[in-house]
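Student: I am new to this structure and would be grateful for a close look at a single part of it. Could you please take me through one sheet, strand by strand?

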Amino acid sequence: MQTETKSRVDQQTTPSGHNVTVLRFEGDIASTSKDAVLGAYQALPKATAKLILLDFTKVDYINSSGIALVIQMLIEASNSGQKVYAFGLSAHFTKVFTMVGITKYAQLFSSEAEAMAAL
Amino acid sequence: MNPPKAISVEVRLPSRLGFEKVAMSTASAVAKLMGFREDRVEDLKTAVAEACINAIEHGNRLNEKLSVGVVLSAGEDELEVKVIDDGKGMKSQPSKPDIDRKMHGEEDPRGMGMFLIQALVDEAEWVAGTNGKSSYVRLVIKLDKESE
């Protein structure tokens, strides 16, 4: 019933020359998304993937279980010295992420271009 | 097209995760018919989804022999949603998640559903059913006439 979560990884370089690993999600982010969210993150090389940008542009539905997966990722990233950013959230989920405090540990951008310019 | 006063819509969901989206879609359709702004419809969708997830997971404990009832009652200026399960009801009131405690492993990363419900609607109450069954959460979202 839940739309399968897909994820893929892109490597990008910011205008200022920093390497950014972009994790692009598609579908629902819910309790069934553990492999696509945490698994995809955990497969990244921790030594080189220091800046991680989450792309939610193609995500329509995120529930509290999905938010918990994002928080688990933030915990692991914090422990590994990685910084996590995100873009592409709807206005509603931007509000929800702000309400639960995620924005304290993952800065949100409105677009990929805005994020890349800032990183 | 405005729905008549106090119109009621009922949906019965299987206790399987994912089916909360059926209730979300129904609540969204009713709220749009009533004239709610798009941002309030989104608030309602998330609140209804979280209420159904709690009913499926905690109330009915994923027992597919049990169903979750969703009753939407559209009044003149508010929409009430009751999500009913066969559990004993919530023992505690929602608390605001503490992201710092979560980040430091002092609080479970999960457990934000009740908080989101309460934060996104105008009224939320959890009612334990008699004999430990038919517990429900009641949500109310009000039409903001000044900005409609």
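Tutor: Let us begin with one pair of residues in this predicted model. R8(A) has R24(A), a residue of β2(A), as its bridge partner. The two strands concerned are β1 of chain A, covering residues 6–13, and β2 of chain A, covering residues 19–29; they run antiparallel and are joined by eight bridges. Together β1(A) and β2(A) make a hairpin, with five residues between them. In the turn of this hairpin, G17(A) shows a positive phi of about 95°.

The hairpin belongs to a wider arrangement. In chain A, five strands build an open sheet, in the order β1-β2-β3-β4-β5, and their pairing is mixed. The edges of this sheet are held by β1 and β5 (106–109) of chain A; each has a single partner strand, so one side of each is left without a neighbour in the sheet. On average, and with direction ignored, neighbouring strands of the sheet are turned by 25° against each other.

The mixed pairing can be followed by comparing two pairs. Whereas β1(A) and β2(A) run antiparallel, strand β4 of chain A, residues 83–87, runs parallel to β5(A), to which four bridges join it. Within this parallel pair, V84(A) stands opposite A106(A) of β5(A).

A general point helps when viewing the side chains. In a regular strand they alternate between the two faces of the sheet.

Methods: Residues are numbered from 1 along each chain as its sequence is written. Chains are lettered from A and ligands numbered from 1 in the order in which they are written. This is a predicted model: local features need pLDDT of at least 70, side-chain atom pairs count only at pLDDT 80 or more; totals for chains, interfaces and linings use all residues. Two strands pair if DSSP finds at least two bridges between them. Axes are lines fitted to C-alpha atoms, for helices over the stretch in contact, and angles run from 0 to 180 degrees between N-to-C directions.
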